[in-house]
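Please open the model in your viewer and keep the sequence beside it, since this tour moves from one selection to the next. At each stop, select what is named and compare the view with the description.

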2 protein chains.
Amino acid sequence: MASVMEARNLGRSFALESSDLGKINSVQAECYRLPLEEALVDAAHGEHKFFEVVVCRIASSKGYEGVGYTYTGGKGGRAIAEFIRTDLSDIAIGQPASDIAGIWNKLQTKLHYVGRGGLLSFAIAAMDIGLWDLAAKALDKSIAALLSHGAPATDVETYVGFIDLQLDGDSLAQLAERALERGFVAAKTKVGRDAMAEDVSRVALLRSVLGAGRDLMVDANFAFDVERAIKFSQSIEEFDIKWFEEPISPDDFEGYASVAKATNIPLAMGENLHLVEEFERAIRYSKLTYLQPDASNIGGITGWLKVAEMAKNADLKVCTHGMHELHVSLLASLEEPGCLEFHSFPIDQYATHRLELKDGRAVVPDRKGIGVEFDFNLLKPHRVS
Amino acid sequence: MASVMEARNLGRSFALESSDLGKINSVQAECYRLPLEEALVDAAHGEHKFFEVVVCRIASSKGYEGVGYTYTGGKGGRAIAEFIRTDLSDIAIGQPASDIAGIWNKLQTKLHYVGRGGLLSFAIAAMDIGLWDLAAKALDKSIAALLSHGAPATDVETYVGFIDLQLDGDSLAQLAERALERGFVAAKTKVGRDAMAEDVSRVALLRSVLGAGRDLMVDANFAFDVERAIKFSQSIEEFDIKWFEEPISPDDFEGYASVAKATNIPLAMGENLHLVEEFERAIRYSKLTYLQPDASNIGGITGWLKVAEMAKNADLKVCTHGMHELHVSLLASLEEPGCLEFHSFPIDQYATHRLELKDGRAVVPDRKGIGVEFDFNLLKPHRVS
């Protein structure tokens, strides 16, 4: 074949130069249920005691291999693994491993009736990330280098995303102090308690611990309606908030614009938008300042790059949600990267390398492939499917 | 307990009068892959050789049982069954079996991150329909009687929905003639071929076979863009078309309005809207005349009733997509029922009773429960999960 496969429909048209990576001849999926050290609480999902990682292993007829993955907040992982093992696998087997964009389109189209977001976006993600891993390894490049026009960035801006709605006073202050000690220079806190005054005082406390000049964000996990979101937003304007994330339901695209008009705090969302079409709608209606696609639930690296391109065209910043160990490389490939969330689900504790910080910034790995290699000895005891 | 549980948030607030149906203590799910006699073709999904039925069996601590189900076009069924067996079951076990609306809300909320439509809408459907079956059987009523304010209708308007994009000329005419012989008085055909002239002549042929005065609809399975949809619509106006279904992508809500403004053929959609919020959006933007919720993918009877209520408030007609053996009873419970699709996936061939026609209308069953009892001897050879 020795062809140059274009990554079609990615907007940016970089070439996946490949001397035939072979045809996909094996797809496997496994689900791991991983305990959190302490229960984490947010307004939408309540208490998290576990998160899940679904691994997708892909092999091609030329002997190349890739390992992709997605994650969940503790629910849905076994169904995602089953979806990959059955219908996604049926569609992918026999396709050229280098035709990542073509496979992405086939999966979206052939599974549209039961798809259009939801579990399919996670399942495609695990497979798509595995295909990029396979391609980057075959081409002996890091994913950041493969995706960049020139040389990728060597580090990116980052912040720590707390899941801390359960914490107050001293325990909240200690959480922030420990983060500063670990080298973080920016943080995001959960809001959405029943008593708004408690949310305001928690934000005030964090601002005082961080000090002026460090970035502080808030995240309501859509706990509010428009009226309450506006009232709360106005109550915390004095604390110099970088963004207000998911103040209201991710389905109320127009409501976001109403909130945006009533406050000077910029708005952010993305973790619950699992279709490119939903990001289009958000750009059109929601007056966001930051888009936060998560490769694990927007159909992988392919979906993430589509959103990044849309953001660029709309002059919006791309920040990320979750899976920092992978997103660090995706951000590094952009001309104007936004900010990386260092997420509270510690996926990289089960990998051979953890994300490194240097001078408050996240270091971009230059390992071949996606830069995330799981340590299956650590994962193995937690396998549930 | 001996309480009257209100089916909350259904809009219409009928009472599910129950003397304690017990707590859910068992949830089981099975997937059956069922062959079609001949391959059926539409523009979006290509060839169908199979469809799937996922059955959900629920039992309560008081000894009541219910059997619900959903179906797919041949893909996704095993993942749906796995989702029910794992996360949905975890949430439902221990809940009062009569609190159908409360369970629906819990499933949507707790699985939101991996849900918001997609497979979750199908999985909730199977469980929700099983809960309604359990409740109706416990109360010794048909689902139509349970849902109706007064006596339910005894028959409803119906049409046969062909999946016939592969047929032309004589074979298409014969399909329609056989339908007339079986007693149907209205039909819907698939369109969306590469050559628009072929679509037009197929519609013309069907109109001539049906004769004037019988309803004829067309369904593009979103094969067109706005421009082509307008052109095609104008090309078939002369054939007295009752509705044009899914001319364009179900995500292009505003595009539907552009089509509606340019033609006198009313528009319909719904089979790909799997969230109540999406129907709200369609009502707001799309200038539809007919809404077509499918209980199998809008979260079951509970989701379907929410859409029916929204349709009533917006002065739109509710017609249905798929699973005619169940929808006949749901339509019968409405004050102003729309039209039942007799679908080409013959689910009721695997049930103890098939849907009956009388004078061209569908007969509403008065069996206890949802009125659909599977014959597991027929299903058994097709079990895949």
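Two strands are said to pair if DSSP finds at least two bridges between them, and the strands (E, at least two residues) and helices (H or I, at least four residues) are DSSP runs that are numbered from the N terminus. The model is predicted, and local features need pLDDT of at least 70, side-chain atom pairs count only at pLDDT 80 or more, while totals for chains, interfaces and linings use all residues. Residues are numbered from 1 along each chain as its sequence is written, chains are lettered from A and ligands numbered from 1 in the order in which they are written, and side-chain values use heavy atoms, with hydrogens and water left out.

**First stop: strands of chain A**

Select strand E3 (residues 24-42) and strand E4 (residues 46-60) of chain A, which pair in the antiparallel sense over 14 bridges and are joined as a hairpin through 3 residues. Within this pairing, A:Ser26 stands opposite A:Ala59 of E4(A), and the bridge partner of A:Ile24 in E4(A) is A:Ser60.

Now add E5(A) to the selection, because it would be a pity to leave A:Ala59 here: this residue also stands opposite A:Glu65 in E5(A). E4(A) and E5(A) pair in the antiparallel sense over 8 bridges, and they form a hairpin with 4 residues between them, where A:Gly63 in the turn has a positive phi of about 90°.Next, show the side chains of A:Asp20 and A:Lys62, which meet in a salt bridge (4.0 Å, N to O); the term stands for a side-chain nitrogen of Lys or Arg within 4 Å of a carboxyl oxygen of Asp or Glu. A:Asp20 lies in the loop between strand E2 (15-17) and E3 of chain A, and A:Lys62 in the loop between E4 and strand E5 (65-72) of chain A, so the pair ties together parts that are 42 residues apart in sequence.

**Second stop: the hairpin of chain B**

Move to chain B and select strand E3 (residues 24-42) with strand E4 (residues 46-60), which run antiparallel and are joined by 14 bridges. B:Leu34 stands opposite B:Phe51 in E4(B), and the two strands form a hairpin with 3 residues between them.

**Third stop: how the copies are related**

Show both chains together: a rotation of 180° with 0.0 Å of shift along its axis superposes chain B on chain A, with an RMSD of 0.0 Å, where the fit is by least squares on the C-alpha atoms of residues with pLDDT of at least 70 in both. The two copies are thus related as by a two-fold rotation axis. To find this axis, select B:Gly118, whose C-alpha comes closest to it among the residues of chain B, at 2.2 Å.

**Last stop: the interface**

Which residues should be selected here? The contact (heavy atoms within 4.5 Å) takes 47 residues from chain B and 47 residues from chain A. Of the interface residues of chain B, 100% are also interface residues in chain A, so the copies meet through the same surface. The chains bury about 3,700 Å² between them, 50% of it on carbon and sulfur atoms; buried area is the accessible area (1.4 Å probe) that two parts lose on being put together, summed over both.

Across this interface the rule finds 12 salt bridges, and one to display is the pair A:Arg116 and B:Glu278 (3.2 Å, N to O). Finish by colouring the elements that give two or more residues to the side of chain B that touches chain A, among them helix H1 (77-92), helix H3 (119-138) and helix H9 (276-285) of chain B. The largest share of that side, 8 residues, comes from H1(B).
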